[in-house]
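Please open the model in your viewer and keep the selection panel at hand. The stops below say what to select next and what is to be found there.

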Amino acid sequence: MERTLIIIKPDAVEKGAIGKILDRFIQEGFTIKALKMFRFTKEQAQKFYIVHKERPFYGELVEFMTSGPVVACVLEGQNAISRVREIIGPTDSEEARKVAPNSIRALFGTDKGKNAIHASDSPESASYEIPFIFSELEIC
Ligand code: CMP
């Protein structure tokens, strides 16, 4: 069993898609181990996305992720990290609609920036991201 972190981003929360997105992962066989809604401060979002610090879109990304509440969730399942990445689809929602029309980013995102959902992309990312958001006591 493997654990991964997803974050339903402000655009998808605003659209009222929290339930549909969580249900999709449940239908796909994952177990929810932790769940919470919160709003990132600028400092927290900068630190969460520190690996992208040098990218030209870093400022835009931090601004978007602090623009409204998000929902973070720890999912558990076999090969959770790669399977969840497959289910969310490519980073750019416009591309996702062409190559993976049933993916979460195709269904609920807009473009590269407003792409509805984040998911850990490697075991190393999951080991940084899960304890960044959840304390040991919050993971069931
Ligand atoms: P996420 O999975 O949260 O990880 C990093 C995020 O950076 C990514 O999803 C996108 O939302 C964002 N991102 C990646 N490329 C771009 C881009 N070219 N312009 C704006 N945002 C981007």
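Begin by selecting C140, which touches K33 and A34 once residues up to four places away in sequence are left out. This is a predicted model, and in it the C-alpha atoms of C140 and A34 are separated by 6.2 Å although the two residues stand 106 residues apart along the chain. C140 belongs to the segment after α8, and it counts as exposed because it has 10 C-beta neighbours inside 10 Å, where 12 or fewer is the condition for that class.

From there, select helix α8 itself, residues 123-133, in which A126, E129 and I133 are buried. Looking down the axis of α8, you will find that its buried residues fall within an arc of 80 degrees, so they line one face of the helix. The face turned away from that buried side carries the exposed residues E124 and P131. If you then display what covers the buried residues of α8, the covering elements include β1 (2-8), β3 and α5.

The next selection is the largest nonpolar core, which has 32 residues, and those with the most contacts inside it are I6, I8, L75, V84 and I117. Strand β3, residues 70-77, gives the most to this core, with six residues. In soluble globular proteins, nonpolar side chains tend to be buried together. Centre the view on I117, whose contacts, not counting residues up to four places away in sequence, are I6, I7, I8, K9, A12, I21, I88, I104 and R105.

Now move to H118, which lies in strand β4, residues 117-119. An unreviewed UniProt entry annotates H118 as "active site". Is H118 buried or exposed? H118 is buried, because 21 other C-beta atoms lie within 10 Å of its own and 20 or more are required for that class. Leaving aside its neighbours within four places in sequence, H118 is in contact with I6, I7 and K9.

Keep H118 displayed and add the ligand, whose surroundings are formed by H52, F57, E60, L61, T91, K112, G113, N115 and H118. Colouring this shell by class gives two nonpolar, five polar and two charged residues. For comparison with the record, the unreviewed UniProt entry lists K9, F57, R85, T91, R105 and N115 under "binding site".

Two of the residues in that UniProt list merit a selection of their own. F57 sits in the loop between α3 (42-48) and α4 (58-65), and it counts as exposed because it has 12 C-beta neighbours inside 10 Å. R85, by contrast, is placed in helix α5, residues 80-88, and it is partly exposed, with 17 other C-beta atoms within 10 Å. When its neighbours within four places in sequence are set aside, R85 is in contact with A119 and D121.

With A119 still in view, add K36, which is found in strand β2, residues 31-38. The C-alpha atoms of K36 and A119 are separated by 15 Å, and the two residues are 83 residues apart along the chain. K36 is exposed, with 12 other C-beta atoms within 10 Å.

The last stop concerns backbone geometry. Select N79 in the loop between β3 and α5, where phi of N79 is near 45 degrees, a positive value in a residue other than glycine. N79 is exposed, with 12 other C-beta atoms within 10 Å. Then select A116 in the loop between α7 (104-108) and β4, where phi of A116 is near 75 degrees, again a positive value in a residue other than glycine. A116 is buried, with 26 other C-beta atoms within 10 Å.

How values were computed: Residues are numbered from 1 along each chain as its sequence is written. This is a predicted model: local features need pLDDT of at least 70, side-chain atom pairs count only at pLDDT 80 or more; totals for chains, interfaces and linings use all residues. UniProt positions are given in the numbering used here, feature names are shortened, and annotations may be inferred rather than shown by experiment. Helices (H or I, at least four residues) and strands (E, at least two) are DSSP runs, numbered from the N terminus. Two residues are in contact if their C-beta atoms, placed from the backbone, lie within 7 Å. A residue is near a molecule or strand if its C-beta atom, placed from the backbone, lies within 6 Å of it. Ala, Val, Leu, Ile, Met, Phe, Trp, Tyr, Cys and Pro count as nonpolar, Asp, Glu, Lys and Arg as charged, and the others, Gly among them, as polar. A nonpolar core is a set of buried Ala, Val, Leu, Ile, Met, Phe, Trp, Tyr and Cys residues joined through C-beta atoms within 7 Å. The arc is that of the directions from the helix axis to the C-beta atoms.
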